[in-house]
Structures are given as structure tokens and as C-alpha cells.
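Colleague: I've got a model open on my screen and I'd like to learn how to read it. Could you walk me through it, starting with charged side chains?

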Amino acid sequence: RYIAAHFAGEVKTTESERQAWLEERKRQVAPRSQDLHFMSADSWPYIIRLTEMSGLSGKEMEAFRHRLKVVQEIYSDRVAKRPELPWDDDWFRRCEYTVDWETGKWK
């Protein structure tokens, strides 16, 4: 949606804004340019920002924020279950969640 909005001219960023964003990402990953895609905790606000820039607003945006918050909670739960050592049991990969998207409750 963001890319389509950008191509349609609905989202405008300057080259200097894009360069500044890139320089900040480079600063965060230091010499490991292969990690430019890795945003860690910045991923969630970045998704919100791109979605807002795409033109989604009002009730639709609030519904998106609500859903993304639930997704983030479930993701964090799964990450917390991951063992420290990569060769340990990967039982956490088989967890299944039940979600009530209206209330935001999951188990």
C-alpha cells in the first residue's frame, strides 16, 4: 500500500529525507551492511509510519493499529519462548495461538 501510494504521488519524500533515513540505518548497523534490513524493536513503529504515509486513517487506521498490537504481543510471546541455544528443542515453533481480534485477547 505504501509503495503504491508513493508511486501514485500520494506520499512525498525528498531525496534528502531518504538519504537521512539510510544514513541513520547505516549508523545503527555499523560495518554490517547486510543488517540494513534488520530493524529489531523499530519494526513496529516503522510499519505504523509506512501505513500512515500510505493514506490509511480514521477507523481503518485504528483497526490496523489494534490488530498490529495483538500481532506484536503474540510475536513477543513466541520470542520469549525461544531457547538460548539454537540447537535446543524448538518446541516453541509449534505453538498455536487462538485470537479474538475484536477484543485483542489471545492464548
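Modeller: Sure. A salt bridge here is a side-chain nitrogen of Lys or Arg within 4 Å of a carboxyl oxygen of Asp or Glu. Side chains of opposite charge can pair when their charged atoms come close. Take glutamate 24 and arginine 27: they form a salt bridge whose closest N and O atoms are 2.6 Å apart. Before we go on, keep in mind that this is a predicted model, where local features need pLDDT of at least 70, side-chain atom pairs count only at pLDDT 80 or more, and totals for chains, interfaces and linings use all residues. Residues are numbered from 1 along each chain as its sequence is written, and side-chain values use heavy atoms, with hydrogens and water left out.

Colleague: How far apart in the helix are glutamate 24 and arginine 27?

Modeller: Helices are DSSP runs (H or I, at least four residues), strands likewise (E, at least two), and both are numbered from the N terminus. Glutamate 24 and arginine 27 sit in helix α2, three residues apart, or about one turn of the helix. Lysine 26 and glutamate 23 have that spacing too: they are three residues apart in helix α2 (residues 15–29), so about one helical turn separates them. That pair also forms a salt bridge, with the closest N and O atoms 3.8 Å apart.

Colleague: Are these side chains buried or exposed?

Modeller: Go by relative accessible area: buried is under 20%, exposed is over 50%, and partly exposed is in between (1.4 Å probe, protein chains only). Arginine 27 is exposed at 57%, while glutamate 24 is partly exposed at 34%. Lysine 26 is partly exposed at 40%, and glutamate 23 is partly exposed at 42%.

Colleague: How many salt bridges are there by this rule?

Modeller: The count comes to eight. One of them pairs aspartate 89 with arginine 94, at 3.6 Å from N to O. Salt bridges with shared partners join Asp89, Asp90, Arg93 and Arg94 into one network. Arginine 94 is itself exposed, with a relative accessible area of 52%.

Colleague: Now something buried. What does threonine 51 contact, beyond its neighbours within four places in sequence?

Modeller: Contact means heavy atoms within 4.5 Å. Leaving those neighbours aside, threonine 51 touches Leu56, Met61 and Phe64. Threonine 51 belongs to helix α3 (residues 43–53) and counts as buried because its relative accessibility is 13%. Arginine 49 is in helix α3 as well, but it counts as partly exposed at 42%. From arginine 49 to valine 11 the C-alpha distance is 12 Å, with their positions 38 residues apart in sequence.

Colleague: Let's zoom out. Which elements does the protein have, and in what order do they run?

Modeller: There are four helices and two strands, running α-α-α-α-β-β from the N terminus.

Colleague: And how do I judge the overall shape?

Modeller: Try the radius of gyration, taken over C-alpha atoms; the globule rule is 2.2 Å times the number of residues to the power 0.38. A compact globule of 107 residues would come out near 13 Å, but this protein has 18 Å. Its C-alpha trace spans about 45 × 40 × 15 Å along the principal axes. Of the 107 residues, 16% count as buried. Among contacts with a separation of 6 or more, 41% come from residues 24 or more positions apart.
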